[in-house]
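Biologist: Please take a close look at one part of this model, the packing of aromatic rings. Give the geometry and the surroundings, and state the cut-offs behind each term as you go.

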Amino acid sequence: GGTLLSVLLALSVWLMATGRARAQALAQSMTADLERLAQVVQYTSNVVLIMDPQQRITWVNDGFTRSYGYTLEEAAGRKPNDLLGSGKTDPSNLQLFHQSVAAGQGCRLEVLNRTKNGQELWVDVDVQPIRDGDGTLTGFMEIGLDITHRKQAEEQLRTSKAFLDRAEQIAGVGGWEVDLRSKVLTWSAQMHRIYELAPGDMPPLEESLKFFAPEERRLIERTMQESIRQRKPWDLQLPLMTNQGRPIWVRSIGACEFDKDKPIRLFGTLQDVTAQRAMEE
């Protein structure tokens with residue numbers, strides 16, 4: 001009995017020692033992982049900030065200071081929107097943020113912030129709750145990505161499209177293209193005006209040809225095939241019946257685009273030349 005007791009005691013001591021060793025190894029591994037994570041968060045180019053449950057800033061990384069110009073001492077205790085808000089963010093986005101935070105949930109949104117020196121900054125923001133081991137909410141982490149260049153490019157593209165649309169409308173020239181791989185037809189806004197169709201009404205390729213009489217339809221199909229085979233553009237004047245039943249004349253100019261000898265796209269312009277035809281006659 002004494003020997004058995006000694007063995008059990010020794011086994012208990014060994015198990016405790018082994019468990020302690022495993023716990024220490026796990027703790028060291030977790031500490032190393034946390035240190036690496038802390039370094040990533042600290043030195044990433046993204047903006048990272050920590051807030052308490054009342055959304056007051058308690059910590060910021062170097063990316064925050066580089067992007068906004070505020071140090072931790074200047075930002076601590078302030079709410080992000082009070083400190084950085086430009087007053088130009090979409091109210092629905094701000095409402096989403098407040099609702100999510102109030103419910104202890106995460107959210108993602110785009111905001112227009114202002115730096116310390118007054119520069120406006122578009123940021124893609126991901127906010128996630130932080131909870132302790134018991135699941136109690138202890139704060140929020142916000143990670144922001146500067147998307148100012150992307151937003152500027154989108155605005156330039158919108159401006160360019162608006163300019164082209166105005167130019168098309170003034171000149172009365174619409175643009176179109178057909179993807180030969182998918183057979184998808186794409187129109188500019190002026191094309192819809194010429195056909196007298198609603199802006200969102202995009203007919204399939206076959207339907208778009210039905211606005212022409214059968215003879216002209218065969219001519220169009222034959223001309224497109226010749227353009228593909230002979231790699232030459234076309235310039236035609238054709239009668240067309242609009243969606244409102246109004247007969248007009250249009251000038252169609254088009255060509256085929258190739259990729260390594262393979263035809264991939266037909267594209268061109270369409271212009272209402274009814275008045276010009278009338279003057280010529």
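Modeller: One aromatic cluster is formed by Trp187, Tyr195 and Phe211. Two of its members, Tyr195 and Phe211, are both buried, where buried is under 20% relative accessible area, exposed over 50% and partly exposed in between, with a 1.4 Å probe and protein chains only. The model is predicted, so local features need pLDDT of at least 70 and side-chain atom pairs pLDDT 80 or more, while totals for chains, interfaces and linings use all residues. Residues count from 1 along each chain as its sequence is written, and side-chain values use heavy atoms, without hydrogens or water.

Searching the whole structure gives four aromatic pairs (ring centres of Phe, Tyr and Trp, the last by its six-membered ring, within 6.5 Å; planes under 30 degrees apart are stacked, over 60 edge-to-face, the rest tilted). One of them joins Trp176 and Trp234 in a stacked arrangement, with 6.0 Å from centre to centre and 25° between the planes. The two rings belong to distant parts of the chain: Trp176 sits in strand β6, residues 173–179, and Trp234 sits in strand β8, residues 234–241. The separation in sequence is 58 residues. (Strands are DSSP runs of E, at least two residues; helices are runs of H or I, at least four; both are numbered from the N terminus.) Trp176 counts as buried because its relative accessibility is 10%. Trp234 is buried as well, because its relative accessible area is 8%.

The pair of Tyr195 and Phe211 is edge-to-face, with 5.0 Å between the centres and 85° between the planes. Tyr195 belongs to helix α7, residues 189–195, and Phe211 to the loop between α8 and α9, so this pair ties together parts that lie 16 residues apart in sequence.

Now the surroundings of the stacked pair. Trp176 is one of the residues in contact (heavy atoms within 4.5 Å) with Thr269, once the neighbours of Thr269 within four places in sequence are left aside. The list for Thr269 also includes Val173, Gly174 and Gly175, and it is completed by Arg251, Ser252 and Ile253. Thr269 itself is found in strand β10, which spans residues 262–272. Unlike the buried Trp176, Thr269 counts as partly exposed because its relative accessibility is 31%. The C-alpha atoms of Thr269 and Val173 are 6.4 Å apart in space, although their positions lie 96 residues apart in sequence.

Away from the rings, Ser86 offers another buried position, since its relative accessibility is 12%. Ser86 lies in a loop, the one between α4 (80–84) and α5 (91–102). Apart from neighbours within four places in sequence, its contacts are Leu112, Asn113 and Arg114.

For the background, the protein has 10 helices and 10 strands. Of its 281 residues, 31% are buried, a group to which Trp176, Trp234 and Ser86 belong. Taking contacts between residues at least 6 apart in sequence, 39% join residues at least 24 apart.
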